[in-house]
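This report describes selected features of one protein chain. It considers a single residue, the two pockets and the annotated spans in turn.

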Amino acid sequence: MSTSVEHVAPTSPGAPGGSGHVERKVGLRARMLRYRWLYLLLLPGVVYFAVFRYAPMYGITIAFQDYLPFLGMTGSPWVGFKHFEALFASPDFPRLLRNTLILAFLNVVIVFPAPIVVALMLNELRLQIVKRTVQSLIYIPHFLSWTIVASLTYLLFALDVGAITVAANDLTGGRIDFLADPDWFRPLIVLQTLWKSTGWGTIIYLAALAGVDPNLYEAAKIDGANRWQQLRHITLPAIMSTVVIMAILLSGNLLDTGFEQIYLMTNSLNRSVADVFDTYVYYLGITQGSYSYSTAVGLFKAVIGIILIFGSNWIARRVGQRGLF
């Protein structure tokens, strides 16, 4: 009587239906079950971006069409890069680009470092009540809309009745019209942005400073380091990764000068320096119905923003910093 032994080939862990594949599925299911409340908290954000950010991207196709509302996106004729060629050939393009880049440069040079400087100054305060009071006072403007900020600006800088205008005219003996003079448009925009956004950025950098090990400062004091040396060799390197990430995020929005703020501060006398791509899109797309052309302008801005954010991230990694991705 012969006995036959059946040999079964072992299943490869990576093969479909293998133990490794099953383990991965079980592991994924277990992780999702374990962190179900975190995934539930994540769900509204995912839905928001999917519905209001990614789904509307289909609309950029009208930048390559002569879009007519009664024909719709499927019935409007395709024209290729006609609107982009018209944008670059437009006499308005150099002025729009110049105004946008100047405001972007001022934001990078003045507005971006301001929260860092304020956070470093607040970090040096030893009286917690003073630190918290100042922090709260500079954070409050973040909750005000640009409409309120613009209204306060008009009240303070109005010709002949604004408190700051009256004081400046009394000191100089002249008659300065801050709101209508094109030379004062950009300083006012920078001052508004500083007042409104500095507090928010300060909180981010203070949170980064809270993670610095106090033992490092104690060791530096023992070695004879003064406050400036501690700031240079301990504090600044500790928040450098946060600064780099914020700089990368800022680079992607360099051409986004803020429609609402610019629109509220624009008038017929300062329009030569106030017109930027954001307001240009509004004037053409909403008031004149040039939907395809204005979409092409917006798409141009988006492409430049993508290039800048990837480029700045690449530079950050090349110089040894931790990039955004």
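A residue is called buried when its relative accessible area is under 20%, exposed when that area is over 50%, and partly exposed in between. The model discussed here is predicted. With a relative accessible area of 24%, Val-79 is therefore classed as partly exposed.

Val-79 is located in the loop that runs between helix 3 (72-75) and helix 4 (82-89). When neighbours within four places in sequence are set aside, the contacts of Val-79 are with Phe-64, Gln-65 and Asp-66. Tyr-67 is 12 residues from Val-79 along the chain, and the C-alpha atoms of the two residues are 9.7 Å apart.

The pockets are considered next. The largest pocket encloses about 1000 Å³ of space. Its lining comprises 25 residues, of which Arg-53, Met-57, Asp-256, Gly-298 and Ala-302 are the closest to the centre. Helix 2 (36-54), helix 15 (277-287) and helix 16 (291-318) each contribute at least two lining residues, and helix 16 gives the most, with eight. Both domain 1 (29-64) and domain 2 (82-319) are represented in the lining of the largest pocket, each by at least three residues.

The second largest pocket has a volume of about 860 Å³. Among the 27 residues that line the second largest pocket, Asn-107, Val-111, Thr-193, Ser-197 and Leu-250 are the closest to its centre. Two or more residues of this lining come from each of helix 5 (92-111), helix 10 (185-209), helix 12 (227-251) and helix 13 (259-265). Helix 10 supplies the most, with eight residues.

The composition of each lining by residue class is set out below.

| Pocket | Nonpolar | Polar | Charged |
|---|---|---|---|
| Largest pocket | 15 residues | six residues | four residues |
| Second largest pocket | 15 residues | nine residues | three residues |

The annotated spans complete the description. In an unreviewed UniProt entry, the annotation "transmembrane region" is given for residues 37-55, 101-122, 143-168, 188-212, 233-255 and 291-316. In the model, residues 37-55 are 95% helix and 0% strand, with 26 Å between the end C-alpha atoms. Residues 291-316 are 100% helix and 0% strand, and the end C-alpha atoms of this span are 37 Å apart.

Definitions and conventions:
Residues are numbered from 1 along each chain as its sequence is written. This is a predicted model: local features need pLDDT of at least 70, side-chain atom pairs count only at pLDDT 80 or more; totals for chains, interfaces and linings use all residues. Side-chain values use heavy atoms; hydrogens and water are left out. Helices (H or I, at least four residues) and strands (E, at least two) are DSSP runs, numbered from the N terminus. Buried means under 20% relative accessible area, exposed over 50%, partly exposed in between (1.4 Å probe, protein chains only). Contact means heavy atoms within 4.5 Å. On a 1 Å grid over the protein atoms alone, a cavity is a set of points where a 1.4 Å probe fits but cannot get out, and a pocket is an open set with protein on both sides within 12 Å along at least five of seven lines; lining residues have an atom within 4 Å of a point. Grid points are joined across faces, edges and corners, and a volume is the space filled by probe spheres set on the points. Ala, Val, Leu, Ile, Met, Phe, Trp, Tyr, Cys and Pro count as nonpolar, Asp, Glu, Lys and Arg as charged, and the others, Gly among them, as polar. Domain bounds come from an automatic or database domain assignment. UniProt positions are given in the numbering used here, feature names are shortened, and annotations may be inferred rather than shown by experiment.
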